[in-house]
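Student: I am new to this structure and would like a close look at a single part. Please start there and then work outward.

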Amino acid sequence: MKFFLDTANVEEIKRISALGLVDGVTTNPSIIAKEGRNFEEVIKEITTIVKGPVSAEVVALDTKTMIAEAHNLVKWADNIVVKIPMTEEGLAAVNILSKEGIKTNVTLVFSLAQGLMAAKAGATYASPFLGRLDDISADGLSLVKDLRSVFNTYDIKTEIISASVRTINHVQDVALAGSDIATIPGTLFPKLWKHPLTEAGITQFLQDWETFSKK
Ligand code: E4P
C-alpha cells in the first residue's frame, strides 16, 4: 500500500519524506486554509518536495469552471492531480479531463455506487472517506472492502485512496482490505512507527547496559 500525506504543512511533509515514507500528498480547501498560505505557492512548494502525485482541489461547482481550474492547476507542476468533487458536474469534468490525459482524484466518495461512477467516468483515483462515514455510525471500512472487491471483479484500474483516515487501526484495516493508498494526516503519521513496548524495550535495554557497564 502506498502512503500519501493528507496535509499542506511543508514541515510535516519534509519530516516524513526524509524517512522515505511518502508516495504522494493530498490536500483539500480546508487543509490549504489551515496553513493560511497562498494556494499556488504552497502547492508548488509541495511538488518540489514530493515527486509523487499531489492532489489539488478545484473549488468551482460547474463543469466548465472546474475544467478551467484543472487546466490552470496542471500548469503548476508535472505531478499535480486534480481533485474533483463527486457530483454530476464533477463526473462530466472527470470524463473530459481523463480524455485529455489529466489525472483526477474524485473526492467525497461515500458509497460503492459513487466509486463506480467515478471509475467509469475515468478517474485516476477515487477517495472513499472512512472517518466521516464512521462519524455517522456507518462503516467506512466496508466501503473500502466493497470498492476493492468490485474493482478487482471488473479489473477497474482506478486506484482507491482511503481518505478521512483518523486512526492507526484505519491504516492497518485499509491495508488488509487492499486499498491502493492510504492518505494520512501529518499528525497521525508519526504514531504509525511508535509503540509503547518499543519505547519500554529501549529504556530497559539501556538500563541493563548501564548496570552491566558499571560492574
Ligand atoms: C483527503 O483527500 C480528504 O480530503 C481528507 O482525508 C478528509 O479528511 P477529514 O474527513 O478528516 O477532513
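Student: Does valine 165 count as buried or exposed?

Tutor: Valine 165 counts as buried, because its relative accessibility is 2% and the cut-off for buried is under 20%. Keep in mind that this is a predicted model.

Now place the residue. Valine 165 belongs to the loop between β7 and α9. Look across to aspartate 6 next. Along the sequence, valine 165 and aspartate 6 are 159 residues apart. In space, their C-alpha atoms are 8.9 Å apart.

Stay in this loop. Serine 164 is also found between β7 and α9, and that helix spans residues 168-176. Serine 164 is buried, since its relative accessible area is 11%, under the 20% cut-off. Its side chain makes a polar contact with the side chain of arginine 166, at 3.3 Å. A polar side-chain atom of serine 164 also lies 2.6 Å from an oxygen atom of the ligand. Alone, the ligand would expose 340 Å², and the protein buries 85% of that area.

That brings us to the ligand. The space it takes is the largest pocket. Which residues are around the ligand? From the early part of the list come Asp6, Thr26, Asn28 and Lys83. Phe129 and Arg132 are also included. Ala163, Ser164 and Arg166 complete the list.

Two more polar approaches deserve a look. Aspartate 6 has a side-chain N or O atom 2.5 Å from an oxygen atom of the ligand. For lysine 83, a polar side-chain atom lies 2.6 Å from a ligand oxygen atom. Aspartate 6 is thus a residue to remember: it is among those around the ligand, and its C-alpha atom is 8.9 Å from that of valine 165.

Next, step back to strand β7, which covers residues 159-162. Glutamate 159 sits in this strand. Is glutamate 159 buried or exposed? Glutamate 159 is buried, as its relative accessible area is 19% and buried means under 20%. The side chains of glutamate 159 and lysine 2 are joined by a polar contact of 2.7 Å.

Move back again, to the loop between α8 and β7. Aspartate 155 lies there. Its phi is near 55°, a positive value in a residue other than glycine. Most residues other than glycine have a negative phi. Serine 137 has a positive phi too, about 60°, and is not a glycine. Find serine 137 in the loop between α7 (130-135) and α8 (140-153). Serine 137 is exposed, because its relative accessible area is 72% and exposed means over 50%.

Two other buried residues are worth finding. Valine 50 is in the loop between α3 (39-49) and β3 (54-57). Valine 50 is buried, with a relative accessible area of 2%. Its C-alpha atom is 13 Å from that of valine 81, and the two are 31 residues apart along the chain. Threonine 104 lies in strand β5, residues 104-109. Threonine 104 is buried, with a relative accessible area of 0%. The C-alpha atoms of threonine 104 and serine 17 are separated by 23 Å, with their positions 87 residues apart along the chain.

Now turn to the aromatic rings. There are five aromatic pairs. One is formed by tryptophan 209 and phenylalanine 212, with centres 5.3 Å apart and 40° between the planes. That pair is tilted, because an angle under 30 degrees would count as stacked and one over 60 as edge-to-face. Both residues are in helix α11, residues 196-214. They are three residues apart there, so about one helical turn separates them. Tryptophan 209 is exposed, at 56% relative accessible area. Phenylalanine 212 counts as exposed too, at 53%.

Finally, take in the whole. The protein has 11 helices and eight strands. Its C-alpha atoms fill a box of roughly 75 × 40 × 30 Å along the principal axes. Of its 215 residues, 46% count as buried. Valine 165, where we began, is counted as buried at 2%.

Conventions. Residues numbered from 1 in each chain as written. Predicted model: local features only at pLDDT ≥ 70, side-chain atom pairs only at ≥ 80, totals over all residues. Heavy atoms only, no water. Phe/Tyr/Trp six-rings, centres within 6.5 Å; stacked < 30°, edge-to-face > 60°. Helix = DSSP H or I, 4+ residues; strand = E, 2+ residues; numbered from the N terminus. Buried < 20%, exposed > 50% of the residue type's maximum accessible area, 1.4 Å probe, protein only. Near = heavy atom within 4 Å. Polar contact = N/O pair within 3.5 Å; in protein donor to acceptor, adjacent residues only side chain to side chain. Areas by Shrake-Rupley, 256 points an atom, 1.4 Å probe, with all protein chains shown as cover. 1 Å grid on protein atoms, 1.4 Å probe; cavity = no way out; pocket = protein on both sides within 12 Å on 5 of 7 lines; lining within 4 Å. Sits in = over half its atoms within 2 Å of the grid points.
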